[in-house]
Amino acid sequence: MAILKIARMGHPVLLLRAEPVADPTTPEITQLLENMAETLEDAGGVGLAAPQIHESLRLFIYKIPASRAEGGADIPLTAVINPEITPLSDEITMGWEGCLSIPGLRAAVPRYEHIRLNGLTATGTPFEKNLSGFEARVVQHETDHLNGILYPMRMSDFRYFGFNEETLRYDFPLPKIKAAP
Ligand code: NI
């Protein structure tokens, strides 16, 4: 196990379209996922995509604490390999996001409220899941990383972009936005 260095915005690896994973069950991918889990735990985020640790591969992990999950229960550490996202409605929601590659900042970003996620598990099993709310937001954010997209590129209103310490100090009512993400 190892804690990996996280690429920060400005590193070109974050702008690449990542390569599909041919076989999720190789020892290299298993090791990579373990190291990413340890790195996410250490950094204290909710999600981490492979390009963020300088591996241009289509996989990410996420883990959502009960306090931020819709159902009020923890969403345990989940690995998603070769994800495909399909919006399930036109509904767009604004919500706060941060990114381990953009430390200290957060912003309100428009995302689809309801999506379908297709992908492979860490054991290579195909799965399909319908997601809503914050989990759908996290999955859209992480999938964007695999396409060279960082959350500022999705923003529709730069007034809602700021340092954690400042934006958390004030209560920003988020706009109800209907623009496409
Ligand atoms: Ni991110």
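Biologist: Before we start, what counts as a pocket here?
Modeller: A pocket is an open set of points, on a 1 Å grid over the protein atoms alone, with protein on both sides within 12 Å along at least five of seven lines. Keep in mind that this is a predicted model.
Biologist: Sure. How much space lies in the second largest pocket?
Modeller: About 220 Å³. Its lining has 13 residues, and Ile85, Thr143, Asp144, Asn147 and Arg154 lie nearest the centre.
Biologist: Which elements give two or more residues to that lining?
Modeller: Those are β3 (75-87), β5 and α2.
Biologist: And how does that lining divide by class?
Modeller: Into six charged, four nonpolar and three polar residues.
Biologist: What about the largest pocket, how much space is in there?
Modeller: About 640 Å³, with 32 residues lining it. Gly44, Gly45, Val46, Arg68 and Gly98 are the ones nearest its centre.
Biologist: Which element gives the most to that lining?
Modeller: Helix α2, with six residues. Others that supply at least two include α1 (27-43) and β4 (92-97). By class, the lining has 15 nonpolar, nine polar and eight charged residues.
Biologist: Changing topic, what are the protein donors of the nickel ion?
Modeller: Cys99 through SG, plus His141 and His145 through NE2, at 2.1 to 2.3 Å from the ion. Their spacing in sequence is C-x41-H-x3-H.
Biologist: Where do His141 and His145 lie?
Modeller: Both are in α2, four residues apart, which is about one turn of the helix.
Biologist: Are those two buried or exposed?
Modeller: His141 and His145 are both buried.

Notes: Residues numbered from 1 in each chain as written. Predicted model: local features only at pLDDT ≥ 70, side-chain atom pairs only at ≥ 80, totals over all residues. Heavy atoms only, no water. 1 Å grid on protein atoms, 1.4 Å probe; cavity = no way out; pocket = protein on both sides within 12 Å on 5 of 7 lines; lining within 4 Å. Points joined across faces, edges and corners; volume = space filled by probe spheres on them. Nonpolar A, V, L, I, M, F, W, Y, C, P; charged D, E, K, R; others polar. Donors = N, O, S within 2.8 Å, 3.2 Å for Na, K, Ca; no water. Buried < 20%, exposed > 50% of the residue type's maximum accessible area, 1.4 Å probe, protein only.
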